[in-house]
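Q: I am new to this structure and would like a close look at a single part of it. Please take one sheet, go through it strand by strand, and then place it beside the rest of the chain.

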Amino acid sequence: MTAAVLTVEIDVGSGWTPVCRYDDLVPGRGAAALVDGRQVALFRDRAGTVYAVGNHDPFSGAHVISRGLLGTREGAPVVISPMHKQAFDLRSGRCPDEPEGPDGNPVQLPVWPVRLTTAH
């Protein structure tokens with residue numbers, strides 16, 4: 001009898017896409033994936049919840065969000081950008097530190113739904 005394998009799938013707007021095995025995501029660390037031409041940062045927190053946000057840091061212009069540090073801000077799960085240290089809410093993509101970028105436009109990471117599926 002084979003053990004069930006949990007697969008992480010995300011929907012970037014074109015349907016559910018398998019991205020990786022759940023066990024491949026290290027709790028507290030990020031991973032980057034390319035899904036339908038979009039760079040996605042995946043995070044598994046220590047409670048086991050998986051989040052998918054855009055990997056592009058709107059303040060530095062670099063694709064580095066997957067290398068950020070996980071934490072919480074007022075009870076909300078956040079990732080801290082490794083470049084300029086802004087926090088981004090993993091549920092909404094909002095930046096509570098600086099809601100506007102250097103150009104004055106609102107700053108928000110894209111957020112995509114995640115689901116776990118089981119394969120035998």
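A: What follows describes a small sheet and its loops, and then some contacts and cores elsewhere in the chain.

The model is predicted. The part chosen is an open sheet of three strands, in the order S6-S7-S8, with antiparallel pairing. Its edge strands are S6 (69–73) and S8 (87–89), each of which pairs on one side only. From one strand to the next, the twist averages 40 degrees. As a general point, the strands of a sheet pair through backbone hydrogen bonds, either parallel or antiparallel.

Begin with S6. Glycine 71 is found in this strand. It counts as partly exposed because its relative accessibility is 31%, which falls between the 20% limit for buried and the 50% limit for exposed. Setting aside neighbours within four places in sequence, glycine 71 is in contact with Ala76, Pro77 and Val78. Glycine 71 can also be placed against aspartate 89: the two are 18 residues apart in sequence, and their C-alpha atoms are 9.6 Å apart in space.

Next comes the loop between S6 and S7, where glutamate 74 lies. Glutamate 74 is exposed, because its relative accessible area is 85%. Its backbone has a positive phi of about 50 degrees, although the residue is not a glycine. Most residues other than glycine have a negative phi.

Strand S7 covers residues 76–80, and three bridges join S7 to S8, the two running antiparallel. One pairing can be named: isoleucine 80 has alanine 87, in S8, as its bridge partner. The loop between S7 and S8 holds lysine 85. Lysine 85 is not a glycine either, yet it has a positive phi of about 70 degrees.

At S8, the residue to look at is aspartate 89, which forms a salt bridge with arginine 91; the closest N and O atoms are 3.2 Å apart. Aspartate 89 is buried, because its relative accessible area is 10%. Arginine 91 is exposed, because its relative accessible area is 51%. The limit for exposed is over 50%.

That salt bridge leads to the others. The count for the structure comes to four salt bridges. Another of them joins glutamate 9 to arginine 115, with the closest N and O atoms 2.7 Å apart. Glutamate 9 lies in strand S1 and arginine 115 in strand S10 (residues 114–119), so this pair ties together parts that are 106 residues apart in sequence. Glutamate 9 counts as buried because its relative accessibility is 10%, whereas arginine 115 counts as partly exposed because its value is 35%. A further salt bridge is formed by the side chains of arginine 21 and aspartate 24, at 2.8 Å from N to O. Arginine 21 is partly exposed at 44% relative accessibility, and aspartate 24 is partly exposed at 42%.

Some of these residues appear again around threonine 7, which is found in strand S1 (residues 5–11). Threonine 7 counts as buried because its relative accessibility is 16%. Apart from neighbours within four places in sequence, its contacts include Cys20, Arg21 and Arg115. Cysteine 20 is buried, with a relative accessible area of 16%. Cysteine 95 also counts as buried, at 2% relative accessibility. A search of the whole structure finds zero disulfides.

The nonpolar cores complete the picture. The largest nonpolar core has 13 residues, of which Ile10, Val40 and Leu42 touch the most other members. At least two residues of this core come from each of S1, strand S3 (30–35), strand S4 (38–44) and strand S5 (50–54). Leaving out residues up to four places away in sequence, valine 40 touches, among others, Ile10, Val12, Ala31, Ala52 and Trp112. There is also a second, separate core of twelve residues, which includes Phe43, Tyr51, Val53 and Ile65.

To return to the sheet: S6 and S8 are its edge strands, and S7 is joined to S8 by three bridges. Within it, glycine 71 in S6 is partly exposed, while aspartate 89 is buried and forms a salt bridge with arginine 91.

Notes:
Residues numbered from 1 in each chain as written. Predicted model: local features only at pLDDT ≥ 70, side-chain atom pairs only at ≥ 80, totals over all residues. Heavy atoms only, no water. Pairing = 2+ DSSP bridges. Helix = DSSP H or I, 4+ residues; strand = E, 2+ residues; numbered from the N terminus. Axes fitted to C-alpha atoms, helices over the stretch in contact; angles between N-to-C directions. Buried < 20%, exposed > 50% of the residue type's maximum accessible area, 1.4 Å probe, protein only. Contact = heavy atoms within 4.5 Å. Disulfide = S-S within 2.5 Å. Core = buried A, V, L, I, M, F, W, Y, C linked by side-chain atoms within 4.5 Å.
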